[in-house]
Amino acid sequence: MKEELKELIDSYKNDFYGISEYIFQNPELGDQEFKSSAKLIEYLKSHGFHIEENIVDRPTAFKAEFDSGKPGAVVAYLCEYDALPEIGHGCGHNMIGTMSMAAGIILSKVVNETGGKVIVLGTPAEETNGAKVLMAEQGIFDEIDAAMMVHPSGQSYKSGNSLAMDAIQFEYYGKTSHAAASPEKGINALDAILMLFNGINAMRQQVRQDVRMHGIIKEGGVAANVIPDYACAQFYFRAKDRDYLNEIVERVKNIAKGAESMTGAKLEISNYELSYDDMITNHQLSEAFTKNLELAGVDDIQPASKNLGSLDMGNVSHVVPAIHPYIGLGKADLIGHTRELADLTISEQGKKALIQGITALVLTGYDLLTDENLLKEVKEEFNKSIQAQLV
């Protein structure tokens, strides 16, 4: 059957190339991916999927479902399709969206025989305010047995980890005054921001090596001779696991409160984007995918890389068995978030990788639908990983 599935993928490959290129040619920022999501939805509908749009109150999010009506595993593929400002699809989400959509469609062709259900989720705004976070919180994955997606990269890598991340904004409210004539009558909000930065910099020596703290001053005043009554900084804080990140963030908030006390500027703290959890790869599922990636013709699969970025797929991995492997574009030194990566997604190598990624996703989904032992092992590993976090 796997050879038949590969032949079926080949028969649709020109459609898949066209959809990936269409999304590439129409880059849209997060939550504005109207053309991209519509293209995916249209094609899923044409293959008999039932579509629910605007899920989790996000206008470009969707759930596409093909139900055999028979007992069996529920396999989900996750589409991303948001682009980057100015760069376009420098993270290859045109490929991601197409691979997951295509995998769902191909697997749906056999689900009436195997039993079970295939779900394709449209998950907007991964680069900024990832909808997968809300999906994980609001029960979208409750019926799902396994969730998968594949990300383009320079080389193929097994699914690995990612850093938990909080996006936090610090605002200080002071009082304007003439900086030369009456400085004593002002309260300098910018001073509070500078103390915040200095405090965070002093803290860096006393944190684990996996911690990342990086920020900007978004607003810091309007004129040099006016004491700023408002200043704002935005930071990303990251760590290998959520528990330690929570400790880091609490320490930073105390630094921010200290700056408030020292300057008299009133502090407001808020999250300006959704928080991402660390990625917990399901290794049983990952090994099944890796074997199928080899069947798809990829023979240079690297061990899981040390991912120092953050993914909203991390939140998914805390509620359902999940993987986030990488498919290689044939250039080991390729850097993400570049026009070079974007252009490679629609090159001949990009087309080859697209089909290989679809193939591995489909064959792994088929394994889950037909191999009860694999499904059992995947679930047992997931349950153990969740229990380990509770200890």
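E348 is exposed, with 61% relative accessible area, which puts it over the 50% cut-off for that label. This is a predicted model, so take what follows as a tour of its computed geometry.

**Salt bridges**

E348 has a partner to go with that exposure. Its side chain meets the side chain of K351 in a salt bridge, with N to O at 3.6 Å. Both residues sit in helix α11, which covers residues 348-370, and they are three residues apart, about one turn of the helix. K351 is partly exposed, at 23% relative accessibility.

Bridges that share partners also turn up here: K63, E65, D67, K117 and E143 are joined into one network that way. How many salt bridges does the model hold? The count comes to 20.

Helix α1 (residues 2-25) offers another pair set about one turn apart: D10 and K13, with three residues of spacing. Their side chains form a salt bridge at 3.3 Å, N to O. D10 is partly exposed at 42% relative accessible area, and K13 gets that label too, at 28%.

Then there is K331 with D333, whose side chains meet at 2.8 Å, N to O. K331 counts as partly exposed, with 28% relative accessibility. D333 counts as exposed because its value, 57%, is over 50%.

Here are the three pairs side by side:

| Salt bridge | N to O distance |
|---|---|
| D10 and K13 | 3.3 Å |
| K331 and D333 | 2.8 Å |
| K351 and E348 | 3.6 Å |

**A patch of negative charge**

Which residues gather in a negative patch on the surface? They are D371, E372, E377 and E380. One of them, E377, belongs to helix α12, running over residues 372-390. At 37% relative accessibility, E377 counts as partly exposed. That value also explains why E377 can join a patch, as far as accessibility goes, because members need over 30%.

**Buried spots**

Is S156 buried or exposed? S156 is buried, because its relative accessible area of 3% falls under the 20% cut-off. You'll find S156 in the loop that links β6 (151-153) to β7 (164-173). A polar atom of the S156 side chain lies 2.8 Å from the backbone nitrogen of G328.

G104 goes down to 0% relative accessible area, so it is buried as well. Look for G104 in helix α3, residues 93-108. What is the spacing between G104 and G365, in sequence and in space? In sequence the two glycines are 261 residues apart, while their C-alpha atoms are 8.8 Å apart.

**Positive phi between β1 and β2**

Now for some backbone. Most residues other than glycine have a negative phi. Against that background, N54 is worth a look: its phi is positive, about 60°, and it is not a glycine. N54 sits in the loop between β1 (50-53) and β2 (62-67).

V56 is placed in the loop between β1 and β2 too. Phi of V56 is near 45°, again a positive value in a residue other than glycine.

The two residues part ways on accessibility. N54 is partly exposed, with a relative accessible area of 42%, whereas V56 is buried, at 10%.

How values were computed. Residues numbered from 1 in each chain as written. Predicted model: local features only at pLDDT ≥ 70, side-chain atom pairs only at ≥ 80, totals over all residues. Heavy atoms only, no water. Patch = residues over 30% accessible without salt bridge, like charges linked within 9 Å, V, L, I, M, F, W, Y side chains within 5 Å. Areas by Shrake-Rupley, 256 points an atom, 1.4 Å probe, with all protein chains shown as cover. Salt bridge = Lys/Arg side-chain N within 4 Å of Asp/Glu carboxyl O. Lys, Arg positive; Asp, Glu negative; His and termini not counted. Charge placed at Lys NZ, Arg CZ, Asp CG, Glu CD. Helix = DSSP H or I, 4+ residues; strand = E, 2+ residues; numbered from the N terminus. Buried < 20%, exposed > 50% of the residue type's maximum accessible area, 1.4 Å probe, protein only. Polar contact = N/O pair within 3.5 Å; in protein donor to acceptor, adjacent residues only side chain to side chain.
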